[in-house]
Amino acid sequence: MQNTIEHPAEIVPVPAAAREGTSCTLEQYEAMYSRSVNDPDGFWAEQGARLDWYRAPTRIGEWSFDPVDIKWYADGQLNICHNALDRHVAAGKGDVTALIFEPDDPQGETRKLTYAQLLAETIRMANTLKKMGVQKGDRVTVYMPMIPEGAVAMLACARIGAIHSVVFGGFSPDAIAGRIEDCTSDWVICADEGLRGGKKIPLKANVDAALDKVAVKAVLVVRHTGAPITMTEGRDHWYHELGADVAAECPCEVMDAEDPLFILYTSGSTGKPKGVLHTTGGYAVWTETTFRYVFDYRPGEIYWCTADIGWVTGHSYIVYGPLQNGATALMFEGVPNHPDHDRFWQVVDKHKVNIFYTAPTAIRALMREGTSHVVKHDLSSLRLLGSVGEPINPEAWRWYQENVGHGKIPVVDTWWQTETGGIMITTLPGAHDMKPGSAGRPFFSVCPQLVDGDGGVLADETTGGAAEGNLCITRSWPGQARSLYGDHDRFTQTYFSTYKGKYFTGDGCRRDADGYYWITGRVDDVINVSGHRMGTAEVESALVLHDLVAEAAVVGYPHDIKGQGIYCYVTLNAGVEPSDELAAELRKHVRTEIGPIATPDIIQFTPALPKTRSGKIMRRILRKIAENDFGSLGDTSTLADPSLVDGLIEGRLNR
Ligand code: WTA
């Protein structure tokens, strides 16, 4: 399938403002990129030297993709919490603001924590965890709202060498229980409640429900809203009580670079969520370096990433990337449209935000509400915009740059994944012209390659040229995930077996003749709903758990705001009649099983699913029908019952 796609795409030149004082010009990018691939060890030794090490690494990249064994800085020792906090305080920057907390309610209290205060809080939490018995290497589940204590919980774990597993606050008790069980975590840190868009999220009650299914030794509860909650004697502890009288010192644990830092569960195309494992040294260097170059952070600036700490974007670009750079990061508890559609812009104006990093789904949702919400506020502080999580359509890109970025500042569209630890493909603000809809060029050391279905090479940085195919990365980079927790075989199988010896991203992509990469979306059974990864298999499992459901097949379909919506084909047990009420009940059922982000958008009942004679569900056909693309269903003659297709199309047309 070698091809040479030309892109008549619009090119937006590097805005003048970004050229001045930038950390990286085009010439520098080219020199640094070429050094980073020709002498990766020299390059990454230098980048890593910005961090403090207890023992400086002499071994840099040691990796193989067949068999899969990845190590960076293997003989180095460091602590990422030290690098995020203590290092800056020791350098006299203790009074610099580290975190600004903007609450859900605009009338609520904004909090600011300096580096010295954030360090003190982290020490308090770390000593509280120790008091509970948490030790180096233990897994700690963190189920927190977007409040500073969420970041503190992560940093405290890192400080004492415990491995955090943050579970997004929107996940259900079942999802929490599954994640606790998978990594055999004995400890949970949560808050009484979270607040989002004026709605209360019963975090502690969800933990209680999860702990009906799986036991832990102790739960540490942070008081946030003050709502009445149930505390189980001997198991549950209030942070403000247990942490009241702990010591004010807590030395950082000396970590080997390859000691685990965190586990983060993410959806795959099959089975239960995978516990992606990141280790300390490579991840620290990768997040520090990518943040530094991609966001071109300058002292004194206010940086705001709207992600949640429950996702990898929050890990790398709210907590570890910004803090290791000594930046001031804003943490926002709320949502873009509460109390009104101008909330983001009101916060940008209020805190004079300079760098703003959000997801296309939010941009599209706000775009729909019109510019009146944007012009109400002074956004002149903004200097750089970012996008992450899913492909951004050129229309949304332009709206973002023109209205939010007053038509003259750079937009960095950053492609990466939970498994990559940090940004992989992006333009750099002072270096690269931008093409709306394209993520841009590879970051230092990243070697993307497009391959066809058989693994034949279509294009990479050495061949150049335009092509479209499946996106692989051919060499390791420091931020790469090392394994799936407790299941290295599944790690190898999932990422390195489709194209032996290469990391396969699961994304489709094209490269244009200028070397810009255009992500076309997932090519596996993972869908991207509002920037959240969702395995269709997970939604299917949830549906068939319902008593009345016989079978289900779930696919993605284009959705104006969410990027992709969740389309479910459901077959009911014999004798059960389809109804709108039952569809509503099934949607609620999936919400309860997984969480609100998995709520089906469309449920279509069908007497049977289209299958081949050997019983395999023909997903290709289901996808096409969900996409309203009936003209290209392809060959349906291999179906056991070809007549089914007409009924499916009819069902689709009725929505
Ligand atoms: C998609 C989020 C296009 C992609 C950081 C990837 C993107 C998946 C972009 C990872 C982007 C992320 N352009 N697609 N700029 N960023 N994706 O693990 O399909 O939650 O594989 O990491 O999101 O999602 P994850």
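User: Taking a disulfide to be a pair of cysteine sulfur atoms within 2.5 Å, why is there no bond from the sulfur of Cys447 to the closest cysteine sulfur, and how far away is that sulfur?

Analyst: In this predicted model, the cysteine sulfur closest to that of Cys447 belongs to Cys472. A disulfide needs the two sulfur atoms within 2.5 Å, and the pair is too far apart for a bond. Cys447 itself counts as buried, at 10% relative accessibility. The distance from its sulfur to that of Cys472 is 12 Å.

User: Which cysteine holds the sulfur closest to that of Cys305, and how many disulfides does the count come to by this rule?

Analyst: Cys305 is buried, with a relative accessible area of 2%. The closest cysteine sulfur to its own lies in Cys81, and because the two are 20 Å apart, they are too far from each other for a bond. By the 2.5 Å rule, the number of disulfides counted is 0.

User: How many helices and strands are there in the chain, and what is its radius of gyration?

Analyst: The chain contains 20 helices and 33 strands. For 655 residues the globule rule gives 26 Å, and the value for this chain is close to that, so the chain is as compact as a globular protein of that length. Along its principal axes, the C-alpha trace spans about 75 × 60 × 55 Å. The radius of gyration is 24 Å.

User: What percentage of the residues in the chain is buried?

Analyst: A residue counts as buried when its relative accessible area is under 20%. The chain as a whole exposes about 23,800 Å², and carbon and sulfur atoms supply 49% of that area. Of the contacts with a separation of 6 or more, 72% join residues 24 or more positions apart. Among the 655 residues, the buried share is 61%.

User: How far apart do the centres of the positive and negative side chains lie?

Analyst: The chain carries 62 positive side chains and 84 negative ones. The centre of each set can be compared with that of the other, and the separation between the two centres is 1 Å.

User: How many of the residues of helix 11 are buried, and which residue just after the helix takes a positive phi?

Analyst: Helix 11 covers residues 312–324, and 13 of its 13 residues are buried, so the helix is largely enclosed by the rest of the structure. Just after it comes a residue with a positive phi of about 70°, namely Gly326.

User: Against which elements do the buried residues of helix 15 pack, and which residue with positive phi follows the helix?

Analyst: Helix 15 spans residues 394–404, and its buried residues include Trp397, Trp399 and Tyr400. These buried residues of the helix pack against helix 12, strand 18, helix 13, helix 14, strand 19 and strand 20. The helix is followed by a residue whose phi is positive, near 35°, and that residue is His406.

User: Is Val188 buried or exposed, and which residues does it touch beyond those up to four places away in sequence?

Analyst: Val188 is found in strand 8, residues 187–191. Its relative accessible area is 1%, which means that Val188 is buried. Leaving out residues up to four places away in sequence, Val188 touches Thr141, Ile180, Val207, Val216, Ala218, Val219 and Leu220.

User: Is Thr230 buried or exposed, and which residues is it in contact with beyond its neighbours within four places in sequence?

Analyst: Thr230 sits in the loop between strand 11 and strand 12. At 55% relative accessibility it is above the 50% cut-off, so Thr230 counts as exposed. The C-alpha atoms of Thr230 and Asp208 are separated by 8.3 Å, although the two residues are 22 apart along the chain. Beyond its neighbours within four places in sequence, the contacts of Thr230 are Lys204, Asp208 and Asp236.

User: What is the omega of the cis peptide bond from His338 to Pro339, and of the one from Asp66 to Pro67?

Analyst: Most peptide bonds are trans. Pro339 lies in the loop between strand 17 and helix 12, and the cis bond that leads to it from His338 has an omega near -5°. Pro67 is in the loop between strand 1 and strand 2. For the cis bond from Asp66 to Pro67, omega is near 0°.

User: What is the phi of Tyr73, a residue other than glycine?

Analyst: Most residues other than glycine have a negative phi. Tyr73 lies in the loop between strand 2 and strand 3, and at 0% relative accessibility Tyr73 counts as buried. Its phi is positive, near 55°.

Notes
Residues are numbered from 1 along each chain as its sequence is written. This is a predicted model: local features need pLDDT of at least 70, side-chain atom pairs count only at pLDDT 80 or more; totals for chains, interfaces and linings use all residues. Side-chain values use heavy atoms; hydrogens and water are left out. Helices (H or I, at least four residues) and strands (E, at least two) are DSSP runs, numbered from the N terminus. The radius of gyration is taken over C-alpha atoms; the globule rule is 2.2 Å times the number of residues to the power 0.38. Buried means under 20% relative accessible area, exposed over 50%, partly exposed in between (1.4 Å probe, protein chains only). Contact means heavy atoms within 4.5 Å. Accessible areas come from the Shrake-Rupley method with a 1.4 Å probe; for residues, only the protein chains shown count as cover. Lys and Arg count as positive and Asp and Glu as negative; His and the chain ends are not counted. The place of a charge is taken as NZ of Lys, CZ of Arg, CG of Asp or CD of Glu.
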